[in-house]
Amino acid sequence: MSNHRPTTFNSKSKRVPIIVVPGFLTANDEQWGAFVAKTTGHPVHLLNWESFSNSKMLAHAFKSIFIRGWLSSLTTPVELWKKACKEVDKVILSISNYITDNFHDTPFILLGHSLGGRIVSEVTFLIDNKNLLSTIVIAGAINRLDFDTITRSKDNIPSIGYINFFSQNDKILSNFYRAASLYQETPIGMVNSNGQRVINKVTDLGHSEYLTNDYFRRELSKCIYSIQSIYESDLAPSRPLVMG
């Protein structure tokens with residue numbers, strides 16, 4: 001059984017496809033897929049998963065208030081965050097299988113935001129697919145040490161390496177993520193990575209501000225353009241795009 005739901009944008013584009021995995025509270029939300037498709041012009045495969053939604057969080061909060069009182073509503077976001085984290089392991093396997101079935105003979109890029117950043121990082125570690133050109137992690141909700149270890153695990157996957165967009169102004173990561181880990185972990189979405197073949201991109205953005213920020217839009221567009229250019233100049237003869 002699949003633990004994700006694919007939606008495709010720019011299906012007629014002849015550029016390298018981008019697999020996009022959104023994060024916490026984005027269930028059935030297509031904003032990240034639409035944003036990446038509009039920003040880059042590339043074909044986008046948005047893989048939604050059971051990351052909960054704002055409406056579900058409110059419903060959970062009202063239920064908690066009714067049963068346990070007003071103070072219980074304060075713990076609702078952290079409780080849902082923990083539940084979403086438990087769902088991640090199943091999603092990683094599901095998306096890895098999706099890539100094996102659909103991208104075994106064509107180049108692609110992985111991009112994830114928040115818990116989606118953790119998913120694409122773990123998928124990169126799990127799969128053995130030399131068609132993966134780059135893994136882009138935005139506000140990644142994955143422990144810095146785990147992320148750095150993943151980047152050192154393979155010398156040639158992804159072919160062009162990793163990109164890490166991070167911000168020390170990310171209140172979601174500094175509150176929910178760190179509280180859920182009992183303040184024992186620092187997420188890569190808040191710090192510079194010391195891993196191998198990682199380009200770090202520092203911003204001053206909050207967790208949900210990437211979608212509306214012009215600076216980030218320009219930087220992401222430059223990154224994807226560079227990956228496409230490197231692919232066309234160095235890798236295309238041995239790894240042709242297989243469309244369809």
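**Exercise 1. Determine how far helix α1 is covered, and by what.**

Helix α1 is mostly covered, with seven of its 10 residues buried; buried denotes under 20% relative accessible area, exposed over 50%, and partly exposed the range in between (1.4 Å probe, protein chains only). The model is predicted, so that local features need pLDDT of at least 70 and side-chain atom pairs pLDDT 80 or more, while totals for chains, interfaces and linings use all residues. Residues are numbered from 1 along each chain as its sequence is written, and side-chain values use heavy atoms, without hydrogens and water.

Step 1. Helices (H or I, at least four residues) and strands (E, at least two) are DSSP runs numbered from the N terminus; α1 covers residues 31-40.

Step 2. The buried residues are Trp32, Gly33, Phe35, Val36, Ala37, Thr39 and Thr40.

Step 3. These residues pack against β1 (4-9), β2 (18-21), β3 (44-49), β4, β5 (132-138) and α7 (214-235), contact being heavy atoms within 4.5 Å.

Step 4. After α1 comes glycine 41, with a positive phi near 75°.

**Exercise 2. Place tryptophan 32 in the largest nonpolar core.**

Step 1. A nonpolar core is a set of buried Ala, Val, Leu, Ile, Met, Phe, Trp, Tyr and Cys residues joined through side-chain atoms within 4.5 Å.

Step 2. The largest such core has 67 residues, and Trp32 and Ile136 touch the most other members. Helix α3 gives the most to this core, namely 10 residues.

Step 3. Beyond its neighbours within four places in sequence, tryptophan 32 is in contact with Val20, Pro22, Leu111, His113, Ile138, Tyr210, Leu211 and Phe216.

**Exercise 3. Identify the unusual backbone geometry and locate each case.**

Step 1. Most residues other than glycine have a negative phi, and most peptide bonds are trans.

Step 2. Serine 114, not a glycine, has a positive phi of about 65°. Serine 114 sits in the loop between β4 (108-113) and α4 (115-126), and its relative accessibility of 1% makes it buried.

Step 3. Arginine 197 also has a positive phi, near 55°. Its loop runs between α6 (171-180) and β7 (198-203), and at 32% relative accessibility arginine 197 is partly exposed.

Step 4. The peptide bond from isoleucine 157 to proline 158 is cis, with omega near 0°. Proline 158 belongs to the loop between α5 (144-151) and β6 (162-167).

**Exercise 4. Describe the surroundings of asparagine 164.**

Step 1. Asparagine 164 is in strand β6 and is buried, at a relative accessible area of 0%.

Step 2. Its side chain makes a polar contact of 3.0 Å with the side chain of asparagine 200. Such a contact is a pair of N or O atoms within 3.5 Å; within protein, one must be able to donate a hydrogen and the other to accept it, and residues adjacent in sequence count only if both atoms are side-chain atoms.

Step 3. Among the residues that asparagine 164 touches, not counting those up to four places away in sequence, are Val137, Ile188, Val191 and Lys201.

**Exercise 5. Relate lysine 90 to tryptophan 49.**

Step 1. Lysine 90 lies in helix α3, residues 76-102, and is partly exposed, with a relative accessible area of 46%.

Step 2. Lysine 90 and tryptophan 49 are 41 residues apart in sequence, and their C-alpha atoms are 9.9 Å apart in space.
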